[in-house]
Amino acid sequence: MSLLRLCTFPKCLSGRILLEISVRRVPYVDHCLTIRNNIERHISEPPWTSQRRHFSALIPKKEDGKKRVWEQSQLLDVLKARIQQLQSDVIVDVQHEKVQFVKASKSGIGASSGNSPKNVFGERTEVPKAGQTISKGGGQTGKGEGKDASASKSRWMEKLSQEKKTKTKKLKQKLGLEDKPVKSSKGKLMLPGTSHKTISTKAGIKTASTVKKSKTLKNQEHTMAASKHEHTMAAAPVAAANVPIRKAKGKGKASKEPAPELSEARNRAEEMERKAEAKAQELAEVEELERKLNQWAVSARPELVQDNSEARVYGDVQRSVRCYLEACVFCGDIDRAHRFLLGHHRMVSRRNLLNIGLYNIMMRVWAKKGSLNQIGRMFILIEEAGLKPNLGSYCAALECMGRNPDCSPHVINRVLRQMEEDGLPVDELFSHCVFRQDERDMVLRAIHTVQPDFQSSINTILQTCSSPLVKDFYTERADAKYPKMAFSLEELQERFSRQLSIEQASTITIHSVEAMKPVTSHMAKMRDLLAVQRLVWHKALVGALREGKIILASSTQKAVRLSLYPYLCLLDEKDYVDIMIQSLSNLPPSGESLHILAKELGNRVHNMFCIRMKGHNQMVDKLSHIYNEYAELLAKDSKEFDVLPRERWWKLEAEHSSGPSLLGDETHWPHMVVVELGTYLVDLMVKHMKVNSDILNSAYDRKLIPVLYHMYTFRSNKQVGFIKPHPILTQMQQDAMDTTLTFDSYVMPMLCPPVPWTSAKFGAYLLTPTKMMRAVEGANQHEILLEKCQDADLHAVLDSLNQLGNAAWRINQPLLDIIISIFNDKGSEKLDVPPPNSEAPKIPRYNQQDSATFTSAEKAHLKREVVNAKKKCSEMHSLRMDALYKLSIANHMRDEVFWFPHNMDFRGRTYPCPPYFNHLGSDVTRAVLVFAEGKPLGPGGLEWLKIHLVNLTGLKKRSSLAGRLEYANSIMDDILDSADNPLIGKKWWQNADEPWQTLACCMEIANAVRSPDPTHFISHFPVHQDGSCNGLQHYAALGRDVIGATSVNLIPCEVPQDVYSGVAQQVEEFRVRDAEKGLKIAQVLEGFISRKVVKQTVMTVVYGVTRYGGRLQIEKRLKEIDDFPKEYVWDASHYLVHQVFSSLKEMFTGTREIQDWLTESARLISKSGSTVEWVTPLGLPIIQPYHRSRTQMLKATIQYLSLQITHDSKERPDTVKQKNAFPPNFIHSLDSTHMMLTALYCYSAGLTFVSVHDCFWTHAITVDTMNKVCREQFVALHSQPILQELSNFLLKKYCSGLQSEVKSKKFLEYRRMLLLLAKVPQTGNFDLQRVKESTYFFS
Amino acid sequence: EVGKMKGECFRPLGRYDFLDLGEVEENTQRAQLCRTIKRFIIDPALAKLVTHHLGPDLEESKAVIFECNPGPGVLTRTLLNSGAQRVVTLEGEKSFLPDLQALECLLDGQLEVVHCDFFKLDPMGRGSMRPPAMYTDKLFTDLGISEANWTDEVPVKVVGILPQRIERSQLWKLLYVLFDRLSIYRYGRVELNMFISEKEYLKLMAKPGDMLNYRAFGALWQMACHIELLHKEPWASFVTSSKYKLAIPKSRLPNDNLCLVRMTPRKDLFSASLTPSNAATLVMMVKQCLAKRKARLVDRLNMWSPDSGPKLLKEMGMQEDVLTGHVYPEEYKQLFELVDKSQEFTQSWLYEEVLENTQKEGWI
């Protein structure tokens, strides 16, 4: 209906379109139909035709005639091919077929020419008839001739339906991504210009026969209105109808279940009774639960269940089609995009895979061109595909009308009315659609022609997050002292423009710290050589790329095949080549696997493309405008705001609604595309980058040799394609010691405060696309979940990310200089400064002449040495490069103030986005970072600095704060000496656990004590507070374990409790007992059980370490003990890990129970075929991305790559991973919630706060406040009925849809799950409030 | 029965005394008690057949027979009954040892029992070496077998069933040590008589032109050994330790049997130009070539040394466009010998490559 009717409005423009469409359509229709009829009759009736009605559609092309001829001939070809293929089966029949085929097509054309152009609606009534004929098929004759009862018929049919099945299966799996087109079985599926409809109607429950009967009727009354998409609509009512029946059956079965056989007769009755009782009880429980579930189900929104599955089924295919179309459109190849979409549209199997968004892409293109004709046609296509136009479609239609100044108001009115009929309010256009360029204005213009006073009323009322945990935070703002930054508005704006220009360039080249080394003449020579070579390579690659593109462009005749071509046109050729040449300098001398290299290259292209796209969409101006106003919120010289950054930004965006949307709607490319593109580029590099073999040594013959090799390495019988640099290249690079490093712009910290996250899709960098939730390559289940979230529910999460990102940083220059000096000298493994390659062990080469003199044992030894040396070298190289990047970035930033935008992993743990240099890094990187903002130490600040220093050394862990302070005071000489003479003094700091941070702290203390008044000393130094075994803290609180809570400092004590010592003590008790019993290994272990031996295992047990892993950890520790007899290591570690687990069980009773409950729940959920999901107390939805992997073949020219796809949510969940990871992931989701809560409340208290998971940082003066907030929030968090809510959520999620399977086995499993999920573990009687007084909770 | 034998330990049995194989049922039960997943030969007829294939002149042959994981010892006894001069059983499972040792006692040195798993010889790891893991030199020294020349007669015949789970990696490991003349091959051309799965046998024997199955694995084995299929026996004829069901691996190739395969290292494998010290490069070369069977050989050669491909092919008398999957193992060997002689390859990175083995069961 909809637009079709709209278009037929006689006087308007689109009316004429349809007219001309119809004219062309009719002849083609008949022609095509006849062909199909004939063939299909002979094929007899494949099952799939029976439900479908065929009629053909227009081919919206200007040169319609030509096109038609082409299409016809193509169709003929295909059919011929098909016939030939089947010839071997039935020769006689085929000949028969051929004759008829030719005849038919002639008659078809003849018939069609008779139709008059006036017959607009005639076509409609005619078509269904034809459709009917086909669907009835079989014995009936359609348009005349055709007797077809040959015996071979059924074989054909079988074969065809078989082929069809396999083909659709294949298609769904890897639509178009294969290089090779699916074989010759294409013919039968090619339905040029045909549209297929599924007749489902509202009568989903009716039997098949009634459907069939009603079909004729429906067809005649314009079936369009009734037709719906097969998968969504038809399935739903049926499923709904089934539920009660299934349930009834299931229950009946359960109660009737026979009691198991008993062996002994006399016990029988008794046992039976008991069992029956238990069963009855269980049943009652189940019923009670189901009743509860039903209540929930009633109150729950119904749509949630449906779209979930729908969205995922074809997700991958749709994404690759979408990306392809977008790429085509971006590079202006509209023709290709159009052909591609039509190509899919014309094949039933592929059309089913399309969704409305894909049609909208083309609509948008035509809207830009102002072509109402094409828009009308697109609507017809959508109609044919059985899809419903959505906001995006109407948006494009209106935009197009807005661009046509003489567009009749009637048309616009029709569109608006149609929208209303479809239940799409006009307002939602402006709140839901993403606009590019001037699209919004055009849409508005169109609306204004008919409703001159229309104003888009954007809902400016902000909803607040529903979680009770943050109610105070959002509602009581009077006392809030949101921190300001130490910059003026002007400064912030200036920083913004610098950041913007960096991101616009998309890459940044900085000086390497190695550039500080003096340049030798050899280095200079090598640099020149390299520079010359790069020019040569650049030229060669540009040429090769150009050539490759020409070949690709011309070789893709098949419109439906995805080709790389558009992806190679997104950027300038020069940009691609730059990316390639840059990748060369990052290539380790030992080479890199093709897969990784390709992924890197592909991602860099994608990144650059996204940034270009934003420029293309003209959103930069608007962004600058909004940012510049937003900066007022942060600047010190503007008024106080009582709103959060996110709220401010949101408001500003609402105020400046005109122009393009800031939200980028770019799709992340499928992993396959990224790798394929990357592989193509690698292939170019391998083939076209050459160097003269005598470039370094003129004694060699001059030959042009490739710089890169593609070869294989073999890893446990798997061959891995590798790209290796030629030794000549490696040597040149090493000798030249490149002075510059080139990074993608997002690698650098930001020069201005990040854009606040306002939704899960928008925030962080200015232009670089960033995901709020990191995910495995290609996994989008998180995104789907986040999208479905109520906006307000994410506010707390977004706000905490914003606060973490708003912390400004600076470089600790004196420290950086010391580190660089060591780095540029020989490094120091002890101080964690990686030495240069020159310090690496030489790889022993055994000479063939000598080899005769070696014994075989010596040879074997030598061989092992070689392998080890190689391994060591490549490890050293990667460590060195990592440090080089970090230090160079730090050095580049040495005079700057900068920010780290944050995002999070799928459990909500937060991370800074810049990958190399950030505060999460090693001791070295943490030491060179200080807060940009300084605060006076205040009365207690200096003491906190000293305590922090002692914490960093790793000494005095079991002393009270006073004890640690006293210790610090007692070693002031060492501290001052370290600060003054770090490298030539007593070097006290070098023996600390975290030497560089210790040194930094020494310097800070020295400066403070030497200042006239330490309380006024301005300190930039972050002081850390660590959770003591944070995972166990959460478990202990969840389970309210008294002993456990005490041992992890949830209960106030004089001195900090140490859980590791506690466990060691418990283990020792067990050991003594066993030794007395005469257990040998327990006796051997006497005197060896220490805190250190058990520490790692205890620490990691919360995070799911298994006995196996635990044993390895303990084995390692035991081996470090010199006195321990080596022959007992295995037995001892085996024994100890057992004891550690038992001790933990003894101390943390509740913990174990909770852990087991979580594990078992996850196992059952996963076994039932679902992925484990939950929601954190702050409302963040979480889904575990562990699925069984499947492999996908990428058949590139250089090598076939088999990609392991683990993210695919269509695959069944990986039960082992789902269950093992659930407890730790759940605990992580809690610790991240605790961190976020602390961050938010610290923000309203005006603190600077950053976190490294369970380690919180702030200024010395505010440590006490932070600690208070931290404890309060922990209590608040655990005062929530966390486990009960989890249980409710899981029940709702996994038991309400599933209930009452008919099969008894399934039903039993379901019931088991139901009971387990409902059975929340009991808790102990620890009083949570005591945490508030516990000094050592975080310390 | 066993107890009785123990009692009679004082009187060594003569070599013509016939050893009782024991009841099939009892043997089956004992085999099934084995804690690790293994297959055993219990059927006397099968044992006889294997013995026959190890022959024909067991009584005359000087080669020592190593029997891997005999379990209840049906084959051991059958071997002894057929007059084998010297049988060494390498049993990894402790529970089977007492019985075998009792038998050892009874005999006059024809049988030696060692607690050792042949498939755990010379492990890569550096943990404490405890039986059944062992170094070959210890085993051979203890048995008094000394290193021999490559061209000498076969000193040792090994008979056993390759454990299914590590079948392939074991064969690779043996291949590496063979080319390097390490491990057991230090002691000469040790002949293997192994039951391997049919699919693995077919891969082993794949011929050039079979682009799917002809790989470095088969090519190298064929190059190194004379391979003979002695017998095919359905999987069902073997007794499996029962706690676990050993699923027969699925394969595109037929896989209905275990194949008794004899692999005798070729006398002429090593020559002036191919020595154990450069053989690793040959292995690498073949692996690189056959990673992609439809690649042109000339391209591979050019990659290692530009422009040398056509020259070498000409010397070999091969077509310019020959595909790597069409080259015979022998031809690869010749090719390598040419490459090794050629001056142009001295700079090639091919020689820089060291085979890395990250497997658990490594070689030394």
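## Strands, a repeat and confidence in a predicted complex

Strand β12 (residues 808–811) of chain A and β16(A) pair in the antiparallel sense over three bridges; strands count as paired if DSSP finds at least two bridges between them. Helices (H or I, at least four residues) and strands (E, at least two) are DSSP runs, numbered from the N terminus. The model is predicted, so to speak of local features requires a pLDDT of at least 70, side-chain atom pairs count only at pLDDT 80 or more, and totals for chains, interfaces and linings use all residues. Residues are numbered from 1 along each chain as its sequence is written, chains are lettered from A and ligands numbered from 1 in the order in which they are written, and side-chain values use heavy atoms, with hydrogens and water left out.

**The three-stranded sheet**

- In chain A, β12 belongs to an open sheet of three strands, ordered β13-β12-β16, with antiparallel pairing.
- Strands β13 (898–899) and β16 (929–931) of chain A form the edges, each pairing on one side only.
- Across the pairing with β16(A), I811(A) stands opposite L929(A).

**The β7–β8 pair**

- Strand β7 (residues 708–715) of chain A is joined by eight bridges to strand β8 (residues 718–725) of chain A, and the two run antiparallel.
- R715(A) has K718(A) in β8(A) as its bridge partner.
- Because seven of its eight residues are buried, β7(A) is largely enclosed by the rest of the structure; buried means under 20% relative accessible area, exposed over 50% and partly exposed in between (1.4 Å probe, protein chains only).

**An annotated repeat**

- An unreviewed UniProt entry lists residues 355–389 of chain A as "repeat: PPR"; UniProt positions are given in the numbering used here, feature names are shortened, and annotations may be inferred rather than shown by experiment.
- Over residues 355–389 of chain A, the chain is 77% helix and 0% strand, with the end C-alpha atoms 10 Å apart.

**Where to trust the model**

- The complex receives an ipTM of 0.79 and a pTM of 0.77 from the predictor.
- Chain A averages a pLDDT (the predictor's confidence in each residue, from 0 to 100) of 78, and 75% of its residues score at least 70.
- Residues 174–262 of chain A have a pLDDT below 50, and this stretch has 162 contacts beyond near neighbours in sequence; a contact means heavy atoms within 4.5 Å.
- Chain B averages a pLDDT of 84, with 87% of the residues scoring at least 70.
- Over residues 1–12 of chain B the pLDDT stays under 50, and the model has eleven contacts beyond four places in sequence for them.
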